[in-house]
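Hi,

Here is the structure I promised to pass on. Have a look at it first, and then read my notes below.

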Amino acid sequence: MSRRPAPSEHPTPGGTAAVVGDGVLTLPNLISFVRLVGVPLFLYLFLVAHADVAAIVVLAVGGTSDWVDGWVARRLQQVSRLGELLDPLADRLYILATLLAFTARDIVPWQFTTALLARELLLLGSLGVLRRYGYGPPPVHYVGKTATFLLLAAFPVLLLAAAAPPTAATVAGAIGWGLAWWGLVLYWVAGAMYVVQASRLVRAMRARRAGAAA
């Protein structure tokens with residue numbers, strides 16, 4: 001995993017410099033905003049209106065389209081600081097909102113939800129340490145993106161399994177839980193990689209400070 005340079009630079013995950021603008025009204029950011037709006041809409045449809053079919057559609061479109069805004073940003077050269085924040089924020093909100101809603105309706109067990117929430121707390125702690133040393137969030141790793149995609153693909157399938165007839169529910173449940181467990185494992189692998197990266201950055205910063213004070 002590539003180490004992040006000084007906070008004033010904005011590298012791509014591959015380590016090459018990327019042009020990051022300050023644009024707000026861009027197409028990628030608009031896509032991210034639409035995805036964010038889908039989170040409360042899903043919660044309303046699923047928990048209040050109990051419109052499970054509509055909730056499946058919103059979750060499937062909003063969740064599995066997490067790659068679209070990033071792809072459009074790179075394609076149109078509209079990478080922005082706001083977009084770098086909105087993209088992972090939308091992913092995490094979809095995951096957290098879906099987990100809490102599914103747990104409330106007994107679609108996923110609380111142990112699965114706890115395991116994912118514990119990983120988020122671990123990452124938040126690492127980000128807090130990085131900020132103390134002047135670093136922003138680390139670049140998104142492909143392992144983390146893969147884990148996010150698997151989880152966001154698993155959730156609508158699990159919801160379909162809960163609403164489908166018994167035969168279809170068995171098949172959908174097997175597929176959904178296969179995706180969900182692989183996503184959980186990779187989610188923790190990515191979290192461990194972020195922690196290792198943060199530790200290396202902190203040690204490097206401490207060494208530089210010690211050298212400057214000597």
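**Charged pairs, then the core**

Let's start with one residue: glutamate 120 is buried, its relative accessible area being just 10%. What does glutamate 120 form a salt bridge with? The partner is arginine 92, and the closest N and O atoms of the two are 3.0 Å apart. Arginine 92 is partly exposed, at 27% relative accessible area. Since arginine 92 belongs to helix α4 and glutamate 120 to helix α5, the pair ties together parts that lie 28 residues apart in sequence.

Before you go on, keep in mind that this is a predicted model. The mean pLDDT of the protein is 81, with 84% of the residues at 70 or more. Take care with residues 1-18, where the pLDDT is below 50. That stretch still has 33 contacts in the model beyond its near neighbours in sequence.

Back to the charges. Searching the whole structure turns up five salt bridges. In another of them, aspartate 91 meets arginine 35, at 2.9 Å from N to O. Aspartate 91 sits in helix α4 and arginine 35 in helix α1, so this pair links parts 56 residues apart in sequence. Both aspartate 91 and arginine 35 are buried.

Then look at arginine 105 and aspartate 52, which also form a salt bridge, with 3.0 Å between the closest N and O atoms. Arginine 105 is in the loop between α4 and α5, while aspartate 52 is in helix α2, so the pair ties together parts 53 residues apart in sequence. Is each of these buried or partly exposed? Arginine 105 is partly exposed, at 30% relative accessible area, and aspartate 52 is buried, at 18%.

Now for the nonpolar side. In soluble globular proteins, nonpolar side chains tend to be buried together. Here the largest nonpolar core has 28 residues, and Phe42, Phe46 and Ile95 are among those with the most contacts inside it. Two or more residues each come from α1, α2, α4, α5, α6 and α7. Which element gives the most to this core? That is α6, with seven residues.

Phenylalanine 46 is a nice one to click on. Leaving out residues up to four places away in sequence, phenylalanine 46 touches Asp52, Ala55, Ala101, Phe102, Arg105, Ile107 and Leu159. You'll recognise Asp52 and Arg105 in that list from the salt bridge above. Apart from the largest core there is another, of seven residues, including Tyr135, Ala198, Leu201 and Val202.

Have fun exploring!

Technical notes. Residues are numbered from 1 along each chain as its sequence is written. This is a predicted model: local features need pLDDT of at least 70, side-chain atom pairs count only at pLDDT 80 or more; totals for chains, interfaces and linings use all residues. Side-chain values use heavy atoms; hydrogens and water are left out. pLDDT is the predictor's confidence in each residue, from 0 to 100. Contact means heavy atoms within 4.5 Å. A nonpolar core is a set of buried Ala, Val, Leu, Ile, Met, Phe, Trp, Tyr and Cys residues joined through side-chain atoms within 4.5 Å. Buried means under 20% relative accessible area, exposed over 50%, partly exposed in between (1.4 Å probe, protein chains only). Helices (H or I, at least four residues) and strands (E, at least two) are DSSP runs, numbered from the N terminus. A salt bridge is a side-chain nitrogen of Lys or Arg within 4 Å of a carboxyl oxygen of Asp or Glu.
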